[in-house]
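The following report describes selected structural features of a protein chain, for use beside its sequence and coordinates.

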Amino acid sequence: MERELRFAIIGAGMAGILSAIKLDEAGLTDFTVYEKADRLGGTWRENTYPGVACDVPSHLYSYSFALNPEWSHVFSPGPEIWNYFDRVAHEHGIEKYIRFGDEVLTCDYADGKWHLETASGHRDEVDVVIAATGVLHHPKYPDIDGLDSFQGHLFHSARWDHDVPLDGARIGIIGTGSTAVQITSAIIDRVASLALFQRTPQWILPQANPPYSDHDKAAFRDDPTSMDQLHNNLSQLFAEGFANAVVDAESPQIKMIQEMCENNLETSVTDPELRARLRPDYRAACKRLIVSEDFYQAIQKPNATLVTEGIDRIEEAGVRTKDGVLHELDILVLATGFKSDAFLRPISVTVEGGESLDEAWAKRPSAYLSISIPGFPNLFMLNGPNGPVGNFSLIEVAELQFGYIMQLVDRIRAGEATEISATHDATDAFDAARVEAAKKTVWSTGCRSWYLDDRGVPAAWPWPFDRFREEMAAPKFDAYDCRAPSR
Ligand code: NAP
């Protein structure tokens, strides 16, 4: 007899919305989406800094079942992406499932159920938890002396304070990741001065970002199959030209990316001294590759300063660098990235008679195929540890993972298993293979980056994307502890 299941989805970002739509479509309507904020949209809700955009082409960074003829640009801006998720959620009628403004604090597994408790004291009891909690969502604040003493406006890039006027301000930005680069290009013409505090230079891939014309959009609207084709072509191109390149440091594609970045630097930056300070001493794409149409132009403007001297401390009036210079500022933005190993924490996750998640992940987070953690039954993650996080559209990743999770869930629904979690053996073997494969990736070629775990091993999926697709096509059930129902 088919078992009726109740689900909890944690998070109403891209992956949580996807899960809700898919459960609803499958007629599995007994679920709640828990969202700590008062709006959906995850990273696109939290990152509202000037210039925020996605460096995955918009027609690829779209749900395959909700392609969008209205994208304004090849790489559309963040607010448009947030609107897209909001609209898709609305059109699929899933808002009714979302409990906004209520953060899940604990998930305890006992007596065959997950018991959830939220910040408001609300309790729920579910059969299956789908953790769609995102990857880069806990801002990392730098450990710099005097951070609290700054008398101007100070905020992390993911906590942008839109009440602070930028026009005519003296602004400092710490960091040179994708975020800092996007902010720099977006605001350089508005601010009086911009000091970019660079600890490590970055390779930058030039990337034009043309708008889609009204004619293009009408053509997509009139012939949706042309969008399907574009989506599929971009997926293929991205896999071959980028995702498969970064996992093979000797591939011709990664060498081509290196040449394009070098050429971009050589031809875009005229002053040899500035060029030298912008030139990384590690390989392109070792750190997450930055894509920008105009960062080099922005940093060469007369009101921009690239500060490569190390930061000594932060004072009331600004940033003091190690050479004794005080860079006086009105606004200081910390574009210093995120804690990339939290995943569903700080939620306290425990299993009766077993480990807590903090114990299981005491060394570092890991999961079988990034989805299931040994000893944590009926809890499945989207975009969990060791997935293809930096090398592909996370939407396609989440769609593939969701399809896989549903095949596990079907076993439970069919009454063939009451509990499913990956075996320790399968997880250990997966981890060992992953660590070995990571040696060949460009991420291992000598740089500091958030891809690297505490041992310096890249934590991301180290194989070509096709292998991920193949793995996600059908679970290998011998990799799972499937507890049979008692008869
Ligand atoms: P990030 O890539 O982690 O960069 C953080 C920057 O802050 C680095 O330049 C880092 O320097 C610097 N930093 C950190 N602590 C510092 C300190 N104490 N002193 C000086 N500098 C310090 O963060 P992000 O730019 O926010 O990007 C995070 C990720 O979000 C990206 O890798 C990407 O995956 C994603 N993202 C994507 C897009 C997109 O278009 N799809 C846009 C923005 C972000 P070091 O390099 O020396 O560590």
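In this predicted model, the charged end of Arg39 is placed over the ring of Trp82, at 4.3 Å from the ring centre. A second arrangement of this kind involves Arg411, whose charged end sits over the ring of Phe477 at 3.7 Å from its centre. The two cases are set out below.

| Charged residue | Ring | Distance of charged end from ring centre |
|---|---|---|
| Arg39 | Trp82 | 4.3 Å |
| Arg411 | Phe477 | 3.7 Å |

**Helix α3**

Trp82 is one of the buried residues of α3, together with Gly78, Ile81, Tyr84, Phe85, Val88 and Ala89. These buried residues lie on the same side of α3, because they cover an arc of only 155° around the axis. An α-helix has 3.6 residues a turn, so residues three or four places apart point the same way. On the other side of α3, Pro79, His90 and Glu91 are exposed. The buried residues of α3 pack against α1 (14–25), α2 and α11 (394–413). The length of α3 agrees with expectation: its 14 residues should span 20 Å at 1.5 Å a residue, and its end C-alpha atoms are 20 Å apart. Just after α3, Gly93 adopts a positive phi of about 65°.

The loop between α2 (43–46) and α3 (78–91) contains Asn47. Is Asn47 buried or exposed? Asn47 counts as buried, at 9% relative accessibility. Leaving aside residues up to four places away in sequence, Asn47 touches Val52, Ser157, Ala158 and Phe338.

**Aromatic pairs**

Phe477, the ring under Arg411, also belongs to a cluster linked by ring pairs. The other members of this cluster are Phe238, Phe242, Tyr368, Phe392, Phe430, Trp461, Trp463, Phe465, Phe468 and Tyr480. The count of aromatic pairs comes to 26. In one of them, Phe295 and Tyr296 have ring centres 5.9 Å apart and planes at 50°, so the pair is tilted. Both Phe295 and Tyr296 are buried.

**Helix α12**

Phe430, a member of the aromatic cluster, is buried in α12, as are Ala426, Thr427, Asp431, Arg434, Ala437 and Ala438. Seen down the axis of α12, the buried residues fall within an arc of 130° and therefore line one face of the helix. These buried residues pack against β20 (419–422). With 15 residues, α12 reaches 21 Å from its first C-alpha to its last, close to the 21 Å expected at 1.5 Å a residue.

**Cysteines**

A disulfide is a covalent bond between the sulfur atoms of two cysteines. How many disulfides does a search of the whole structure find? The search finds 1 disulfide, formed by Cys286 and Cys447 with their sulfur atoms 2.1 Å apart. The link is left-handed, with -95° about the S-S bond. It joins distant parts of the chain, 161 residues apart: Cys286 is in the loop between α8 (272–278) and β12 (290–292), and Cys447 is in the loop between α12 (424–438) and α13 (465–473). Cys286 and Cys447 are both buried.

Cys54 is in no disulfide, and the nearest cysteine sulfur, that of Cys261, is 18 Å away. Cys54 is buried, with a relative accessible area of 9%. Why is the sulfur of Cys261 not bonded to that of Cys286? The sulfur of Cys286 is the closest cysteine sulfur to that of Cys261, but the distance is 12 Å, too far for a bond, since a disulfide requires sulfur atoms within 2.5 Å. Cys261 counts as buried, at 0% relative accessibility.

**Backbone features**

Ala285 lies in the loop between α8 and β12, the loop that also holds Cys286. Its phi is near 75°, a positive value in a residue other than glycine, and Ala285 is buried with a relative accessible area of 3%. Ser370 also has a positive phi, near 70°. Ser370 is located in the loop between α10 (357–360) and β19 (379–381) and is buried, with a relative accessible area of 0%.

The peptide bond from Arg345 to Pro346 is cis, with omega near 15°. Pro346 is found in the loop between β17 (331–334) and β18 (348–351).

Definitions and conventions:
Residues numbered from 1 in each chain as written. Predicted model: local features only at pLDDT ≥ 70, side-chain atom pairs only at ≥ 80, totals over all residues. Heavy atoms only, no water. Helix = DSSP H or I, 4+ residues; strand = E, 2+ residues; numbered from the N terminus. Buried < 20%, exposed > 50% of the residue type's maximum accessible area, 1.4 Å probe, protein only. Expected span 1.5 Å × (residues − 1). Arc of directions from axis to C-beta. Contact = heavy atoms within 4.5 Å. Phe/Tyr/Trp six-rings, centres within 6.5 Å; stacked < 30°, edge-to-face > 60°. Lys NZ or Arg CZ within 6 Å of the ring centre and 35° of its normal.
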